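Thank you all for coming; I would like to take a few minutes to walk through one model with you, helix by helix. Please have a look at it first, and then I will start talking.

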Amino acid sequence: MNILWLIAGAMLLIAAVLTTIRILGGPTTLDRLVALDMAIALTMTGLALWAAISGDSTVLSAIVAIALVNFIGSIAVARFRVRDDQR
């Protein structure tokens, strides 16, 4: 069972590195926004993995709060976003 947790953690780490590359090098604002949503989803997944490994369910409320803030933030940025080609 420990090998499964290790593989899951490694996959999350690889996904986080790829997402960070996209955030830093995204050509448009929307690319960076989607990558930031992905980073937050990876954070929530990491917390859920930690909850599953440790058996501690107190982080589940934090996962719900992060998801709600992420949703509201994404909607706000998408609503007030300025086109990238306007200068």
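What follows is a walk through the helices and a few chosen residues.

Before anything else, please keep in mind that this is a predicted model, in which local features need pLDDT of at least 70 and side-chain atom pairs count only at pLDDT 80 or more, while totals for chains, interfaces and linings use all residues. Residues are numbered from 1 along each chain as its sequence is written, and side-chain values use heavy atoms, with hydrogens and water left out.

Let me begin with helix α3, where helices are DSSP runs of H or I with at least four residues, numbered from the N terminus. This helix covers residues 60-79, and its 20 residues should span 28 Å at 1.5 Å a residue, which agrees with the 29 Å that separate its end C-alpha atoms; the expected span here is 1.5 Å times one less than the number of residues.

Which residues of α3 are buried? They are Ile63, Asn70 and Ser74, where buried means under 20% relative accessible area, exposed means over 50%, and partly exposed is in between, using a 1.4 Å probe and protein chains only. Looking down the axis of α3, these buried residues fall within an arc of 30°, so they line one face of the helix; the arc is that of the directions from the helix axis to the C-beta atoms. On the face of α3 turned away from that buried side we find the exposed residues Ser61, Val64, Val69, Ile72 and Arg79. Of these, Val64 has a relative accessible area of 58%, and therefore counts as exposed. The C-alpha atom of Val64 is separated by 13 Å from that of Ala51, which is 13 residues apart from it along the chain.

Now, what covers the buried residues of α3? The cover includes α2, residues 29-54. α2 has 26 residues and reaches 37 Å from its first C-alpha to its last, close to the 38 Å expected at 1.5 Å a residue. Just after α2, Gly55 takes a positive phi of about 75°.

How do the two helices lie against each other? The axes of α2 and α3 come within 10 Å and cross at roughly 175°, the axes being lines fitted to C-alpha atoms, for helices over the stretch in contact, with angles running from 0 to 180 degrees between N-to-C directions. That makes α2 roughly antiparallel to α3, a term that applies to angles over 145 degrees.

In the contact itself, meaning heavy atoms within 4.5 Å, Leu33, Asp37, Ile40, Met44, Leu47, Ala48 and Ala51 of α2 meet Leu60, Ile63, Ile66, Ala67, Asn70, Ser74 and Val77 of α3. The residues of this contact divide into 11 nonpolar, 2 polar and 1 charged, where Ala, Val, Leu, Ile, Met, Phe, Trp, Tyr, Cys and Pro count as nonpolar, Asp, Glu, Lys and Arg as charged, and the others, Gly among them, as polar.

Two residues on the α3 side deserve a separate word. Asn70 counts as buried, because its relative accessibility is 15%, and, leaving aside its neighbours within four places in sequence, Asn70 is in contact with Asp37 and Ile40. Ile66, by comparison, counts as partly exposed at 27% relative accessibility, and, with the same neighbours left aside, Ile66 is in contact with Ile40, Met44 and Leu47.

Finally, let me turn to the other side of α2. In α2, the buried residues are Leu33, Ala35, Leu42, Met44, Leu49 and Ala51, and what covers them includes α1 as well as α3. One residue of α1 (residues 2-25) is Thr19. Is Thr19 buried or exposed? Thr19 counts as buried, because its relative accessibility is 8%. Apart from its neighbours within four places in sequence, Thr19 is in contact with Ala35, Met38, Ala39 and Leu42.

Notes:
Parallel < 35°, antiparallel > 145°, perpendicular 65-115°, else oblique.
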